[in-house]
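Trainee: Please show me how the features of a model are to be read, one at a time.

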Amino acid sequence: MAESMLTVEHITKRYDENIILDDLSLDIRKGEVLVLVGPSGCGKSTLLRCINALEPIQGGRIRLDEEEISADSRSLTHIRQKIGMVFQNYELFPHMTVLDNIMLAPVKVQGRKKEEIREEAMKLLDRVGLKEKAGYFPRQLSGGQKQRVAIVRALCMHPELMLFDEVTAALDPEMVREVLDVILALAAQGRTMLIVTHEMQFARAVADRILFLEGGKLIEDAPPEEFFENPRTERAKRFLNTFTFQAVKTAKKNGKDYFDKKEIRKDEKI
């Protein structure tokens, strides 16, 4: 079994008295795909930001290839080059073309030659179906196209670990698939990835392990088939039930009252 690439050991993250991550530990091995799921506010996105040292932690430690990650680390710039993070809202510079957005960090941060990066960027854009958009500005792209550009930008830094934070949350349904297909292709290539998503079918297809978070704690860590077919905790079962619906016609035929279903909270407004 491969050694852990990333190790998160008993970390605590809080804002004032509000605990976001509570004594949380996990590890990810090279080539492994972990998917983080759980209710909104459980700490999934915060965990990714802590791993990339965008947020300081108040306890525990995070290591990548045995190098400790912290916001005040002298080697933080070096470590961050090993981590590619793709955000929900693209974070593309609006005044720069697609190609310039992709080339900026490899040139400025890594000091690589422009010709080398341009060639690599064009090959990657071709692979995600956007070669002809290299000279476009972000405003000329759809949401799905912007997100694919953001993925290419991260890949051009040659990261060891890819972090994806709800990358389809701001997309129209028809654009979701084109972005998820790119991530599936990366998984097939053996990329090491940690993914936050609410797309349950995608999670089941791409993950080696599913991590379920609740209240800043890691509640379940299981292979996808086990998690979706036989979750160990009642909390995970309730979470998965929120993605299951009964057809209205069937409910009416059976004389069932929608408002009597246990899944509907008493304070829920419709």
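Trainee: Where is the place of Glu-91?

Mentor: Helices (H or I, at least four residues) and strands (E, at least two) are DSSP runs, numbered from the N terminus. Glu-91 has its place in the loop between β6 and α3; these elements span 83-86 and 98-108 respectively. Please note that this is a predicted model, in which local features need a pLDDT (the predictor's confidence in each residue, from 0 to 100) of at least 70, side-chain atom pairs count only at 80 or more, and totals for chains, interfaces and linings use all residues. Residues are numbered from 1 along each chain as its sequence is written, and side-chain values use heavy atoms, with hydrogens and water left out.

Trainee: What is the sign of phi at Glu-91?

Mentor: Most residues other than glycine have a negative phi. Glu-91, although not a glycine, has a positive phi of about 60°. Tyr-90 likewise is not a glycine and has a positive phi, of about 70°; Tyr-90 also belongs to the loop between β6 and α3.

Trainee: Which of the classes buried, partly exposed and exposed applies to Tyr-90, and which to Glu-91?

Mentor: The classes rest on relative accessible area: buried is under 20%, exposed is over 50%, and partly exposed is in between (1.4 Å probe, protein chains only). Tyr-90 counts as buried because its relative accessibility is 15%. Glu-91 counts as partly exposed, since its value is 45%. For the protein as a whole, buried residues make up 46% of the 270 residues.

Trainee: What does Thr-97, in the loop between β6 and α3, touch beyond residues up to four places away in sequence?

Mentor: A contact means heavy atoms within 4.5 Å. Not counting residues up to four places away, Thr-97 touches Ala-134, Gly-135, Tyr-136 and Phe-137. With a relative accessible area of 15%, Thr-97 is therefore buried.

Trainee: Against which elements do the buried residues of α3 pack?

Mentor: They pack against α4 (114-127) and α5. Val-98, Leu-99, Asn-101, Ile-102, Met-103 and Pro-106 are buried in α3.

Trainee: How far apart in space are Gln-147 and Asn-89?

Mentor: Distance along the chain and distance in space should be read side by side. Gln-147 and Asn-89 are 58 residues apart in sequence and 7.9 Å apart in space, C-alpha to C-alpha. Gln-147 belongs to helix α5 and is buried because its relative accessible area is 0%. Leaving out residues up to four places away, Gln-147 touches Val-86, Phe-87, Gln-88, Tyr-90, Val-167 and Val-179.

Trainee: Which residue has a C-alpha atom 7.2 Å from that of Arg-191?

Mentor: That residue is Glu-32, 159 residues from Arg-191 along the chain. Arg-191 lies in the loop between α6 (173-188) and β8 (192-196), and touches Gly-31, Glu-32, Val-33, Leu-155, Pro-159 and Leu-186, residues up to four places away not being counted. For the whole protein, 65% of the contacts between residues at least 6 apart in sequence join residues at least 24 apart.

Trainee: How many residues does the largest nonpolar core have?

Mentor: A nonpolar core is a set of buried Ala, Val, Leu, Ile, Met, Phe, Trp, Tyr and Cys residues joined through side-chain atoms within 4.5 Å. The largest has 50 residues, and those with the most contacts inside it are Val-35, Ile-151, Phe-164, Ile-183, Ile-195 and Phe-227. Apart from it lies another core, of 30 residues, among them Leu-21, Cys-50, Ala-53 and Ile-83.

Trainee: How much space lies in the largest pocket?

Mentor: On a 1 Å grid over the protein atoms alone, a pocket is an open set of points where a 1.4 Å probe fits, with protein on both sides within 12 Å along at least five of seven lines; lining residues have an atom within 4 Å of a point. The volume is the space filled by probe spheres set on the points, which are joined across faces, edges and corners. Here, about 600 Å³ lies in the largest pocket. Of its 19 lining residues, Ile-83, Met-85, Ala-105, Arg-153 and Met-157 are the closest to its centre. α2 (76-80), β6, α3 and α5 (143-155) each supply at least two residues of this lining.

Trainee: What is the average pLDDT of the protein?

Mentor: The average is 90, and 90% of the residues score at least 70. Over residues 258-270, however, the pLDDT is below 50, and this stretch has 5 contacts in the model beyond near neighbours in sequence.
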